Amino acid sequence: LLIKQMSFLSTYVEQASFVAKRTNPMNFMGKVVSFSVGTYLAYKLSNGPSQLRYERYLTLQPESKFTGLLAYNFFHTDAMSLAFNMAIMSSLGRYTYQAMGQNKFVQLFGLGAMGSALFCGVSAYRYSDFSAAGMMGPSAALIGYHFFANPSWIKVWHFNPSICFAMFVFYSFLYNDQAALGGLSAGYLAFLMAM
């Protein structure tokens with residue numbers, strides 16, 4: 001079942017790549033950020049039963065529908081994760097999109113989404129209290145890839161890339177953030193495959 005879901009996700013990434021090709025590079029990241037902020041506000045401003053339906057269909061939990069595994073990378077339920085992920089998408093995501101092209105960005109985003117879906121899907125199957133929402137997997141894939149491929153891009157934030165990467169790995173293990181671990185693994189895999 002998991003292999004079927006991963007093949008479905010790869011088809012989704014190919015379709016997203018086609019959409020990205022037809023979009024102006026400067027507007028694409030703005031649309032990603034606007035979509036994420038808009039869906040978060042719709043979630044927060046809705047009533048209780050609507051929020052539960054949102055969580056059941058669009059986030060990853062043990063009782064989620066199949067759509068949760070596919071959609072949880074795009075929908076946030078927490079303001080802090082939304083702020084962090086939008087900062088990563090607005091900086092590293094924009095740099096990736098402008099310097100390497102839309103195909104590279106969509107490949108890294110999709111690989112991060114698949115990596116986090118793999119790690120989070122296993123955790124949702126094993127643990128009854130597991131929950132995941134937000135773009136942590138794709139953000140972690142961007143961080144993981146650029147730490148190895150382009151560490152100078154992380155220096156833009158005036159951070160030492162090694163310390164930044166070590167802090168992110170520490171956070172991932174400390175809070176057992178499976179999406180971050182899956183995304184970092186996917187970013188490192190992308191670097192090894194020389195994508």
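What share of the 195 residues in the protein is buried? Buried residues make up 49% of them. Welcome to this structure, which is a predicted model. The protein has 10 helices and 0 strands, and its pattern along the sequence reads α-α-α-α-α-α-α-α-α-α. Of the contacts between residues at least 6 apart in sequence, 73% join residues at least 24 apart. The points below walk you through some places to look.

**Helix α7 against helix α10**

- Two packed helices are described by the angle between their axes and the distance between the axes.
- Helix α7 covers residues 136-149, and helix α10 covers residues 178-192.
- The axes of α7 and α10 lie 7 Å apart, and the two helices pack at an angle of about 40 degrees. That angle makes α7 oblique to α10.
- The crossing of these two helices, α7 and α10, is right-handed.
- On the α7 side, the residues that meet α10 are Met136, Gly137, Ala140, Ala141, Gly144, Tyr145, Phe148 and Ala149. Their partners in α10 are Ala179, Ala180, Gly183, Leu184, Gly187, Tyr188, Ala190 and Phe191.
- Sorted by class, the contact of α7 with α10 has 12 nonpolar residues, 4 polar ones and no charged ones.

**Helix α6 against helix α10**

- Helix α10 also packs with α6, at an angle of about 135 degrees and with the axes 7 Å apart.
- How are α6 and α10 placed, oblique or parallel? With an angle of about 135 degrees, α6 and α10 are oblique to each other.
- The crossing of α6 and α10 is right-handed.
- From α6, the contact is made by Leu108, Leu111, Gly112, Gly115, Ser116, Phe119, Cys120 and Ser123. From α10 come Gln178, Ala179, Leu181, Gly182, Gly183, Ser185, Ala186 and Ala190.
- The residues of the contact of α6 with α10 divide into 8 nonpolar, 8 polar and no charged.

**Two buried residues of α7**

- His146 lies in helix α7. With 0% relative accessibility, His146 counts as buried, because buried means under 20%.
- Leaving aside residues up to four places away in sequence, His146 touches Leu92, Thr96, Met100, Leu108, Pro151, Trp153 and Ile154. One of these, Leu108, also takes part in the contact of α6 with α10.
- Ser139 has its place in α7 too, and at 0% relative accessibility Ser139 counts as buried.
- Which residues does Ser139 touch, not counting those up to four places away in sequence? They are Asn85, Ile88 and Met89.

**Aromatic rings**

- Across the whole structure, a search finds 17 aromatic pairs.
- In one pair, the rings of Phe28 and Phe105 have their centres 5.8 Å apart and their planes at 85 degrees, so this pair is edge-to-face.
- Phe28 belongs to helix α2 (residues 25-45) and Phe105 to helix α6 (residues 102-126), so the pair ties together parts that are 77 residues apart in sequence.
- Both Phe28 and Phe105 are buried.
- Phe28 and Phe105 also belong to a cluster linked by ring pairs, together with Phe74, Tyr97 and Phe109.

**Partly exposed residues**

- Leu41 is found in α2, and with a relative accessible area of 43% Leu41 is partly exposed.
- Leu41 and His76 are 35 residues apart along the chain, and their C-alpha atoms are separated by 9.3 Å.
- Thr67 sits in helix α4 (residues 66-71). Its relative accessible area of 35% makes Thr67 partly exposed.
- From C-alpha to C-alpha, Thr67 and Tyr57 are 5.7 Å apart in space, with their positions 10 residues apart in sequence as the separation.

**A loop residue with a positive phi**

- Most residues other than glycine have a negative phi.
- Asn176 is not a glycine, yet Asn176 has a positive phi of about 50 degrees.
- Where does Asn176 lie? Asn176 is in the loop between α9 (161-174) and α10.
- At 46% relative accessibility, Asn176 counts as partly exposed.

Key:
Residues numbered from 1 in each chain as written. Predicted model: local features only at pLDDT ≥ 70, side-chain atom pairs only at ≥ 80, totals over all residues. Heavy atoms only, no water. Helix = DSSP H or I, 4+ residues; strand = E, 2+ residues; numbered from the N terminus. Buried < 20%, exposed > 50% of the residue type's maximum accessible area, 1.4 Å probe, protein only. Contact = heavy atoms within 4.5 Å. Axes fitted to C-alpha atoms, helices over the stretch in contact; angles between N-to-C directions. Parallel < 35°, antiparallel > 145°, perpendicular 65-115°, else oblique. Left-handed = near helix turned anticlockwise from the far one by under 90°. Nonpolar A, V, L, I, M, F, W, Y, C, P; charged D, E, K, R; others polar. Phe/Tyr/Trp six-rings, centres within 6.5 Å; stacked < 30°, edge-to-face > 60°.
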